[in-house]
Amino acid sequence: METETKAYSASRPAATSSNSTQLLGFIIRILAVKLTFVATIVMGVAKQTIKVDNSDLGDYDGGYTWITVKSTYNSSLVYFIVVNTLAFIYSTFSLALSIANRTNFRNLQVFISIADLIMLIFLFSTNGAAVAVAIIIEKGDVRLFMPKICGFVGTFCAHITASIVLSMIASLAYALLVLLAIVSLRSSSR
């Protein structure tokens, strides 16, 4: 009788730890859903139209030209929008699966963990591409004949920067989910 009590009390903290791990996983997934959604919307609406003096463009006849910059004009930023949209859809789907998997089917946990790792890789990839574009539009590149444009289209650049920051935080959320899965799978194998 005494050994049954010890076995029960020894297994009790593991169940509490598993429940707290699941709760933390749910919270991180909800955060990932929100961050990827907002990052997609902010980048998707990044657009600004400005009035430029033609003398700034090299035309000394005078007059003005209206120039519009949009995130969809650059393939790296379109890639960013597509990947964050996929991450949002996957985050929503994996949150639903995680809620449905409260009984801890190990095969489903492994599948979700591998998918989380793939989504983390895609998010890091797209964030790197978007950061490269943001640096070029911020600082310019003489060799590519790209002028500094953030001085003219500050709102556009602010949208891009905010979107990249949100997506980076979503990437960190996925990194935490992968780490949490590794810890959970390791502790359940003992």
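This section describes helix α2 and a nonpolar surface patch to which one of its residues contributes in a predicted model.

Helix α2 covers residues 75-100 and comprises 26 residues, with a span of 37 Å between its first and last C-alpha atoms, close to the 38 Å expected at 1.5 Å a residue. At the N-terminal end, α2 is capped by N74, a side-chain oxygen of which is placed 2.8 Å from the backbone nitrogen of S76. The buried residues of the helix are L77, F80, I81, V83, N84, A87, Y90, S91, S94, L95 and S98. An α-helix has 3.6 residues a turn, so residues three or four places apart point the same way.

Among the buried positions of α2 is S94, which is classed as buried because its relative accessibility is 1%, where the cut-off for burial is under 20%. The side chain of S94 is engaged in a polar contact with the side chain of R29 at 3.1 Å, and the S94 side chain also reaches the backbone oxygen of S91, likewise at 3.1 Å.

Y79, by contrast, lies in α2 but is partly exposed, because its relative accessible area of 30% falls between the limits of 20% and 50%. Together with V110, I114, I118 and F122, Y79 forms a nonpolar patch on the surface, and the combined accessible area of these residues is about 410 Å². The greatest contribution to this patch comes from helix α3 (residues 106-139), which supplies four residues.

How values were computed: Residues numbered from 1 in each chain as written. Predicted model: local features only at pLDDT ≥ 70, side-chain atom pairs only at ≥ 80, totals over all residues. Heavy atoms only, no water. Patch = residues over 30% accessible without salt bridge, like charges linked within 9 Å, V, L, I, M, F, W, Y side chains within 5 Å. Areas by Shrake-Rupley, 256 points an atom, 1.4 Å probe, with all protein chains shown as cover. Salt bridge = Lys/Arg side-chain N within 4 Å of Asp/Glu carboxyl O. Helix = DSSP H or I, 4+ residues; strand = E, 2+ residues; numbered from the N terminus. Buried < 20%, exposed > 50% of the residue type's maximum accessible area, 1.4 Å probe, protein only. Polar contact = N/O pair within 3.5 Å; in protein donor to acceptor, adjacent residues only side chain to side chain. Expected span 1.5 Å × (residues − 1).
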